[in-house]
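Please open the structure in the viewer and show it as a cartoon, with side chains ready to be switched on. The tour proceeds by selection, one stop after another.

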Amino acid sequence: MPQLVFLPHQELCPDGAVLEAEVGETILNVALRNGIHIEHACEKSCACTTCHIIVREGFDQLEESDELEDDMLDKAWGLEPESRLSCQAKVVDCDMIIDIPKYTVNMVSEG
């Protein structure tokens with residue numbers, strides 16, 4: 001079973017976290033199930049960038065992003081070459097290190 005290592009994030013997981021994941025589930029669902037409340041203003045429909053993450057390790061193992069996700073990522077704050085939308089990136093059979101950016105394009109969080 002792959003492990004997702006979430007690096008510390010000041011608000012969402014100050015101590016970081018190591019989570020067990022099922023192959024094929026989205027990174028966002030793994031985080032939410034384990035109490036890491038990554039914002040997802042569009043309710044996981046790939047219509048915003050609030051669930052933007054950076055996959056520090058394991059990025060090359062992920063399925064490639066599609067055109068819609070790429071178009072949305074172009075609008076993300078702090079975009080990096082290893083950026084993905086956590087509602088679209090599905091866990092593969094390898095461990096990953098995930099970094100949640102400090103900011104999103106939303107000035108005010110829904111939560």
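A residue is termed buried under 20% relative accessible area, exposed over 50%, and partly exposed in between. The model under inspection is predicted.

**Stop 1: Phe-59.** Select Phe-59, which lies in the loop joining S3 to helix H2 (67–73). Is this residue buried, exposed or partly exposed? Its relative accessibility is 24%, and therefore Phe-59 counts as partly exposed. Next, display the surroundings of Phe-59: leaving aside residues up to four places away in sequence, it touches Pro-81, Glu-82, Ser-83 and Arg-84. For a distance label, add Ile-38, which is 21 residues from Phe-59 along the chain; the two C-alpha atoms are 19 Å apart.

**Stop 2: the sheet.** Now select the strands. Five of them form an open sheet in the order S2-S1-S5-S3-S4, and the pairing is mixed. Strand S2 (17–20) and S4 occupy the edges; each has a single partner strand, so one side of each lacks a neighbour in the sheet. On average, neighbouring strands of this sheet are turned by 35 degrees against each other, direction ignored.

**Stop 3: strand S3 and its partners.** Select S3, residues 52–57. Which strands pair with S3 in the antiparallel sense? One is strand S4 (residues 83–85), joined to S3 over three bridges. In this pairing, His-52 is placed opposite Leu-85 of S4. Another is strand S5 (residues 96–99), which is likewise antiparallel to S3 and linked over three bridges. Here Glu-57 faces Ile-97 of S5 as its opposite residue. When side chains are switched on, bear in mind that in a regular strand they alternate between the two faces of the sheet.

**Stop 4: strands S1 and S2.** Move to strand S1 (residues 3–6), which pairs with S2 in the antiparallel sense over four bridges. Which residue of S2 is the bridge partner of Gln-3? Selecting Glu-20 shows that partner.

**Stop 5: Thr-50.** Finally, select Thr-50, situated in the loop between helix H1 (27–33) and strand S3. Why does this residue count as buried? Thr-50 has a relative accessibility of 4%, and therefore falls in the buried class, for which the cut-off is under 20%. Add Ala-41 to the selection: the Thr-50 side chain reaches the backbone nitrogen of Ala-41 at 2.9 Å.

Notes:
Residues numbered from 1 in each chain as written. Predicted model: local features only at pLDDT ≥ 70, side-chain atom pairs only at ≥ 80, totals over all residues. Heavy atoms only, no water. Helix = DSSP H or I, 4+ residues; strand = E, 2+ residues; numbered from the N terminus. Buried < 20%, exposed > 50% of the residue type's maximum accessible area, 1.4 Å probe, protein only. Polar contact = N/O pair within 3.5 Å; in protein donor to acceptor, adjacent residues only side chain to side chain. Pairing = 2+ DSSP bridges. Contact = heavy atoms within 4.5 Å. Axes fitted to C-alpha atoms, helices over the stretch in contact; angles between N-to-C directions.
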